[in-house]
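Subject: Structure for you to look at

Hello,

Here is the structure I promised to pass on. Please open it beside this message, and I will walk you through what turned up.

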Amino acid sequence: MPVVTRMVSFSLLGPVRLITDAGDVPLGPPQQRGLLSLLLLRKTPVPIDDVVDALWGDDPPPSAHGTVRTYAARLRHLLAAGGAELLRSAGGYHIVRHAAGLDTDEFDGLVAQARDARRAGDIPGTAAFLRRALELWSGPALGGVKAEFAAAQRTRLAESRRAAREQLFDAELTLGRHEEICTDLGAAVAEHPVDERLTELWMTALYRCGRTAEALEAFRRLRTALDEELGIEPGPGLQRLHQRLLRGDGPAVAPEASPAPRTVRPNQMPPDVRDFTGRGAEVERLRRILTEEAIPVAGITGLGGSGKSTLAVHVAHLLADHFPDGRMYLDLGTRLGPPVSAHDALGTLLRTIQPGIALPETTAERSALWRTVTSGRRMLVVLDDAAGSRQVEPLLPGCALIVTATRRLLELSAVAWQRLGPLTEQESFRLLAEIAGQGRVAAEREVALDLVAACSGHPLSVRVAAARLLDRPTWSVAEIMEQLADDLRQPVVMHEDCKIVDEPIRRAEARLDPVSAGVFRLAALAVSPLRSVEEVCEMTGLPRAQARAALEDLVDAHLVEAVDRDTYRYPVLIQAFARRRAEQVEGPQRCREALAALARPLMRVA
């Protein structure tokens with residue numbers, strides 16, 4: 001009769017198992033399972049002394065060598081009928097698996113395939129390979145093994161599993177499956193409370209599910225855990241995501257890649273914020289430009305955190321029916337790092353409309369192709385946070401466009417710009433109540449109005465104040481107001497959320513020329529927020545024309561407001577920031593000199 005060879009496979013990703021087509025094979029005591037695991041994981045022969053060290057460490061029994069030989073003989077018998085062999089050569093023991101499978105090898109192979117698929121832009125394939133890899137696990141690796149080497153191997157394998165799971169979550173988010181994975185991500189974060197990458201992915205999923213408050217709470221818990229366990233702060237990437245969520249402009253869902261070069265109808269807009277407040281006139285003007293003007297290209301300028309991105313996305317959602325050929329969103333990247341080049345931005349946009357398209361080599365050719373594929377299409381494109389005209393001009397399409405920037409890009413004559421100023425007092429109050437709770441804010445209405453007044457109508461500041469209220473459920477609005485007032489008086493920033501509010505002001509200051517930056521800092525030193533051109537001349541020693549030009553530059557940078565031709569006003573938060581910077585940059589002596597110079601004309605008048 002012919003010999004029937006049973007197929008055999010080995011499992012180490014869970015309880016150690018030897019599986020044949022007839023079922024599981026009993027593997028004997030833990031150390032015998034340990035020998036099998038060791039030989040499967042080591043691809044080269046293992047000397048008997050190394051086997052002893054791996055199984056028992058520094059305290060082997062006197063009969064260790066004999067015990068290893070006994071285990072090897074038993075395993076040799078178990079493997080023989082399944083087509084695998086346990087051999088002993090001059091180099092030591094090793095297993096020849098022939099056609100037998102090993103789940104650790106299969107896992108590594110699937111992860112490698114997922115990596116290759118990701119590089120090729122095949123995100124669905126990436127997710128599929130990673131799911132298959134993770135399905136191989138049935139529990140902690142090397143279950144039932146008590147050998148000395150097992151702890152290090154479990155740690156290594158568990159780390160590989162964790163990395164694969166994070167990559168799967170990332171791929172699923174890229175595919176827009178945030179709702180499907182949100183619960184699993186939350187469970188993963190509970191298992192690894194100081195894993196920053198997992199928390200970042202969970203915050204993204206929560207935000208896309210419309211659960212921004214929970215995403216902010218996840219950041220708070222991570223920050224507390226990192227401080228208590230490691231004495232460190234979250235990394236810069238997570239800090240930037242936290243700031244974006246506070247601004248209401250979190251990461252958008254990327255479109256799924258298509259394997260064939262075909263024209264698609266993209267829908268890339270980030271979710272609209274639930275608590276969008278005010279901006280009625282600005283919304284109406286954008287609607288008119290985008291739907292009624294011959295050249296439907298609108299621009300929004302404003303200080304960082306003023307809600308430029310939020311407004312653009314809100315309008316894009318309101319006008320969705322007007323743009324049936326799709327809506328595209330591209331973050332040009334000046335907030336988080338070097339700006340995206342026009343060349344790379346065109347590549348992203350063209351691949352979005354026609355996945356698989358052959359991209360021209362030069363920026364000019366890409367720009368011409370972009371105008372061709374968008375011409376006549378009822379499509380809306382949002383170009384968010386532009387750095388300059390040269391970055392945007394090649395992207396101007398034959399369809400509707402909203403571009404946001406901190407300053408007007410004057411070379412773009414086709415753009416109809418509007419300046420996004422502060423929220424009104426009532427709009428700020430409504431925004432605070434929407435986030436922190438209507439009842440809680442209404443109960444202390446007058447103090448809440450003082451709080452939003454201190455926020456200078458700056459949406460980011462109002463959101464941060466509301467987040468502080470949420471983080472301190474037992475505090476009154478008056479106590480939050482008292483803390484904020486104390487923060488504004490401090491010579492240095494005391495709280496992390498104050499740094500969030502300061503960051504856009506810091507970026508605006510960094511873009512100023514040296515003369516305007518000096519005026520910004522020194523002119524803020526006097527108590528009154530109002531500053532005349534003459535006062536600035538006294539404080540800085542600049543000629544009148546140069547002082548006026550610097551103040552006008554500060555208006556363009558959204559750092560001061562023009563009251564009339566000769567008078568300018570600092571918003572409360574910006575003046576507090578500028579005072580701190582004056583002490584840090586100009587120095588105490590120069591600050592005293594500026595204030596003394598301002599006082600001299602008053603003394604002469606008296």
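Let me begin with the empty space inside. One thing to keep in mind throughout is that this is a predicted model. α12 (308-318) and α19 (459-471) each contribute at least two residues to the lining of the largest cavity. Of these contributions, the one from α12 is the largest share, at four residues. The cavity itself has a volume of about 270 Å³, and its lining is made up of 27 residues. If you want to centre your view on it, go to Arg247, Ser306, Gly307, Lys308 and Thr310, which lie nearest the centre of the cavity. The lining is a mixture by class: ten charged residues, nine polar and eight nonpolar. In total, the count comes to five cavities of 30 Å³ or more. As background, rolling a probe the size of a water molecule over the atoms shows where empty space is left.

Next, the sheet. Five strands make up an open sheet with parallel pairing, and their order is β8-β9-β10-β7-β11. At the edges are β8 (327-331) and β11 (416-419), each of which pairs on one side only. Going from one strand to the next, the twist averages 15°. Helix α11 (residues 280-292) packs on this sheet and touches β7 (297-301), β9, β10 and β11. The direction of α11 makes about 175° with that of β11.

One residue of that helix is worth a click: Glu282, which lies in α11. Is Glu282 buried or exposed? Its relative accessibility is 17%, so Glu282 counts as buried, the cut-off being under 20%. Setting aside neighbours within four places in sequence, Glu282 is in contact with Leu311, Gln418 and Leu420.

Now for β10, which has a partner strand in both β9 and β7. Strand β9 (residues 380-386) pairs with strand β10 (residues 400-405) in the parallel sense, over five bridges. Two of the residue pairs to look for are Val382 with its bridge partner Ile402 in β10, and Val381 with Leu401 in β10. The pairing of β7 with β10 is also parallel and runs over five bridges; there, Thr301 has Ala405 in β10 as its bridge partner.

How many of the residues of β10 are buried? Six of its six are, and the strand is mostly covered. In a regular strand the side chains alternate between the two faces of the sheet. In β10 both faces are covered: one side has Ala400, Ile402 and Thr404, the other has Leu401, Val403 and Ala405, and all of them are buried.

While you are at β9, have a look at Asp385, which is found in that strand. Asp385 has a positive phi of about 65° although it is not a glycine. With a relative accessible area of 4%, Asp385 is buried.

A positive phi also turns up at Leu142, where the value is near 60° in a residue other than glycine. Leu142 sits in the loop between α5 (123-134) and α6 (150-174). Because its relative accessibility is 0%, Leu142 counts as buried.

The loop after α6 has a buried residue too. Leu175 is placed in the loop between α6 and α7 (178-191), and at 7% relative accessibility Leu175 counts as buried. Leu175 and Ala127 are 48 residues apart along the chain, and their C-alpha atoms are separated by 9.0 Å.

Last, a small stop further along the chain. Strand β13 (residues 561-564) and strand β14 (residues 567-569) pair in the antiparallel sense over three bridges. A hairpin of two residues joins β13 to β14, and Glu561 stands opposite Arg569 in β14.

If you would like a route through the model, you could start at the cavity, move on to the sheet and α11, and finish with the loops and the hairpin. Do write back with any questions once you have had a look.

Best wishes

Methods:
Residues are numbered from 1 along each chain as its sequence is written. This is a predicted model: local features need pLDDT of at least 70, side-chain atom pairs count only at pLDDT 80 or more; totals for chains, interfaces and linings use all residues. Side-chain values use heavy atoms; hydrogens and water are left out. On a 1 Å grid over the protein atoms alone, a cavity is a set of points where a 1.4 Å probe fits but cannot get out, and a pocket is an open set with protein on both sides within 12 Å along at least five of seven lines; lining residues have an atom within 4 Å of a point. Grid points are joined across faces, edges and corners, and a volume is the space filled by probe spheres set on the points. Ala, Val, Leu, Ile, Met, Phe, Trp, Tyr, Cys and Pro count as nonpolar, Asp, Glu, Lys and Arg as charged, and the others, Gly among them, as polar. Two strands pair if DSSP finds at least two bridges between them. Axes are lines fitted to C-alpha atoms, for helices over the stretch in contact, and angles run from 0 to 180 degrees between N-to-C directions. Contact means heavy atoms within 4.5 Å. Buried means under 20% relative accessible area, exposed over 50%, partly exposed in between (1.4 Å probe, protein chains only).
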